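Hi everyone, thanks for coming. Let's take a few minutes to look at one chain together, starting with a long stretch of it and then moving to a little sheet.

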Amino acid sequence: MAAENSSVTEFILAGLTDQPGLQIPLFLLFLGFYVVTVVGNLGLIMLIGLNSRLHTPMYFFLFNLSLIDFCYSTTITPKMLMSFVSKKNSILHAGCLTQLFFFCFFVISESLVLSAMAYDRYVAICKPLVYTVTMSPKVCLLLLLGVYVMGFSGAMAHTGSIASLIFCADNLINHFLCDIPPLLELACNSSSVHELVVFIDVTTVIGMVIVTISISYALILSSILRIHSTEGRSKAFSTCSSHIILVFLFFGSGAFVYLKPPSVLPLDQGKVSSLFYTIVVPMLNPLIYSLRNKDVKAALRKTLGKINFLRKE
C-alpha cells in the first residue's frame, strides 16, 4: 500500500549494473555468495547448538551474529539477484519500506552484537577470575535484549522518517536495495532534515560502538602485553583476531557510505561500497570464525565424526 502523501505506488530497483554482458556472470557470482552465506551461517548455528562445549557467552553471541547475518542476507540478496535476470525489478512502496526496516534492524543489531562480543573478550582476557559471574546467562540475555530493542527502535525511526517523504514521479532507485541515501535522492520534498537525522543517528550508533570496541581492545592489548608467556600471548591474540577483522570490514565499509555526503561519494560508488557490509561480510563471518577458531574446528570434526559413525552403523 502506498503512502498517503506519495503518488508513487512502486519503485524500480536499478540493480548493480545495466550492462547486459555482466548480468549473468554477476548473477552466478552473487548466487554463489548467497549459497555460501546461507550454508556457512546455518552450519555455524547448528554446530554451536549441537556442541555443549560451545555453549559459552562468546559462542552465544556468535550464534546470534550468524542468525542476524543469515536473515540480513536473505532480506537483500534474493531481490538483488532478481535485478540480474528481470527486465523490470519492481518493488511495491510498502515492500520497499519493509525491506528498509529489516535492513536497518539487522545492520544496527549486528553492530551492537559485535560490540557485545568485544566486551565479552575484554572480560575473558582482562578479568578471567570473575568471567563466569560478569558474563552470566542472565547478563548475556539482557545484553542481547538491549541489542534487539535498540535495533528495532533505530529501524522504526529510519523507516518512519523515509515513510514521511513525498515521492512524486521518479521511482527509479539507483541501488540494488531500498537504502536510505537513494530514497532521499528521489524525494520531491526537502530531505535535508532527514539527511541530518540519518547522519546523527548513524554517527551516534557507530560512535558508541566504536568507542566500546576501542576501549575494550585497548585494555585487552594492555593486558596481553603483560603476559610473559609467548604461548599465552598467542592464544589471547588468536581469540580476538577474527573479531577485529570483522569489525574493520563491517564498520569501515558502512562508515564509507553513510558518513560522507552524496557530493563526495556518488551513489554508484556507494553501491559498490554497500556490497561489503551487505553481501561480503555476512558471507565471511562464518568462514573467518570457523577457519581461525580451534574450538569451532574441533567441534566440527567431532560432529562429522559422529555423522560418519552413525552412517557406518
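Let's begin with residues 26-47: this span is 100% helix and 0% strand, with its end C-alpha atoms 31 Å apart. When I say helix or strand, I mean DSSP runs, numbered from the N terminus: H or I over at least four residues for a helix, E over at least two for a strand. Please keep in mind that this is a predicted model, where local features need pLDDT of at least 70, side-chain atom pairs count only at pLDDT 80 or more, and totals for chains, interfaces and linings use all residues. Residues are numbered from 1 along each chain as its sequence is written, and side-chain values use heavy atoms, leaving out hydrogens and water.

The UniProt record, an unreviewed entry, lists "transmembrane region" at several spans, including 26-47 and 196-224. Its positions follow the numbering used here, feature names are shortened, and annotations may be inferred rather than shown by experiment. Residues 196-224 are also 100% helix and 0% strand, with end C-alpha atoms 41 Å apart.

Now, the sheet. In what order do the three strands sit? They form an open, mixed sheet, β2-β1-β3, with β2 and β3 as the edge strands, each pairing on one side only. Strands pair here if DSSP finds at least two bridges between them.

Strand β1 (residues 10-13) runs antiparallel to β2 (residues 90-92), joined by three bridges, and F11 partners I91. With β3 (residues 172-173), β1 pairs in the parallel sense over two bridges; there, I12 partners L172.
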